[in-house]
Amino acid sequence: MKEIVYMKHLKIENNKGLFLDVNSAWAEVNKMSKEDLYHLVNAAISDDDYEMDPYDENKLQNPAHKTIYSHIYRQLMDIHSRRDEFIEEQQSLYKEAYDKYCI
């Protein structure tokens, strides 16, 4: 039986909120760029092996980390849970364009 290995994208470690940046390195959430956020959103939609540590305010010391982590965690969970909808919509858009220009 094949073991499924999940790739973490957001985690809490040493009382800090961390994310996997575009270079696949861990960085603090308060240092996130728009490119990093785009990378996380894209991964939430496309990666089957998407995983995040649940938000726990007791494990985060920095108030900025608490706020940023909680908002990003909730948004990414919502996106990941609706990923099938996003993929279906994307495929539908391409199919409409394909049908329009192939006829």
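Which residues does Leu40 touch, not counting residues up to four places away in sequence? The list is His9, Phe19, Leu20, Met32, Tyr50 and Leu76, where contact means heavy atoms within 4.5 Å.

## About the model

This is a predicted model, in which local features need pLDDT of at least 70 and side-chain atom pairs count only at pLDDT 80 or more, while totals for chains, interfaces and linings use all residues. Residues are numbered from 1 along each chain as its sequence is written, and side-chain values use heavy atoms, with hydrogens and water left out.

## The nonpolar core

Leu40 is also a good way into the core. The largest nonpolar core has 17 residues, and Leu40 is among those with the most contacts inside it, together with Leu10, Phe19, Tyr50, Met52, Tyr69 and Leu76. A nonpolar core here is a set of buried Ala, Val, Leu, Ile, Met, Phe, Trp, Tyr and Cys residues joined through side-chain atoms within 4.5 Å. Buried means under 20% relative accessible area, exposed means over 50%, and partly exposed lies in between, with a 1.4 Å probe and protein chains only.

At least two residues of this core come from each of β1 (7-13), α1 (34-46), β4 (50-52) and α2. Helix α2 gives the most, with 5 residues. These elements are DSSP runs numbered from the N terminus: helices are H or I with at least four residues, and strands are E with at least two.

## Aromatic rings and a lysine

Now to the rings. Those of Phe, Tyr and Trp (its six-membered ring) pair if their centres lie within 6.5 Å; planes under 30 degrees apart count as stacked, over 60 as edge-to-face and the rest as tilted. By this rule the count comes to 2 aromatic pairs. In one of them, the rings of Tyr69 and Tyr73 have centres 6.4 Å apart and planes at 10°, so this pair is stacked. Both tyrosines lie in helix α2 (residues 63-81), 4 residues apart, which is about one turn of the helix. Tyr69 and Tyr73 are both buried, and with Tyr55 they form one aromatic cluster.

A charged side chain meets a ring as well: Lys11 lies over the face of Trp26, at 4.2 Å from the ring centre. The test for a charge over a ring is that NZ of Lys or CZ of Arg is within 6 Å of the ring centre and within 35 degrees of the ring normal.

## How α1 meets its neighbours

Two packed helices are described by the angle between their axes and the distance between the axes. For α1 and helix α3 (residues 83-102), the angle is about 90° and the axes are 8 Å apart. That makes α1 roughly perpendicular to α3. Axes are lines fitted to C-alpha atoms, for helices over the stretch in contact, and angles run from 0 to 180 degrees between N-to-C directions. Angles under 35 degrees count as roughly parallel, over 145 as roughly antiparallel, 65 to 115 as roughly perpendicular and the rest as oblique. The contact is made by Ala44, Ile45 and Ser46 of α1 and by Arg83, Phe86 and Ile87 of α3.

Ala44 deserves a second look. This residue of helix α1 counts as buried, at 0% relative accessibility. Leaving aside neighbours within four places in sequence, Ala44 is in contact with Tyr50, Leu76, Ile79, His80 and Arg83. The C-alpha atoms of Ala44 and His80 are separated by 4.8 Å, although the two are 36 residues apart along the chain. Val41, also found in helix α1, is partly exposed, with a relative accessible area of 24%. With the neighbours within four places again set aside, Val41 is in contact with Leu76 and Ile79.

## Loops with positive phi

Most residues other than glycine have a negative phi, and most peptide bonds are trans. Asn15 has a positive phi, near 65°. Asn15 is found in the loop between β1 and β2 (16-20) and is partly exposed, with a relative accessible area of 38%.

Ser24 has a positive phi too, near 60°. Its place is in the loop between β2 and β3 (26-28), and at 57% relative accessibility Ser24 counts as exposed.
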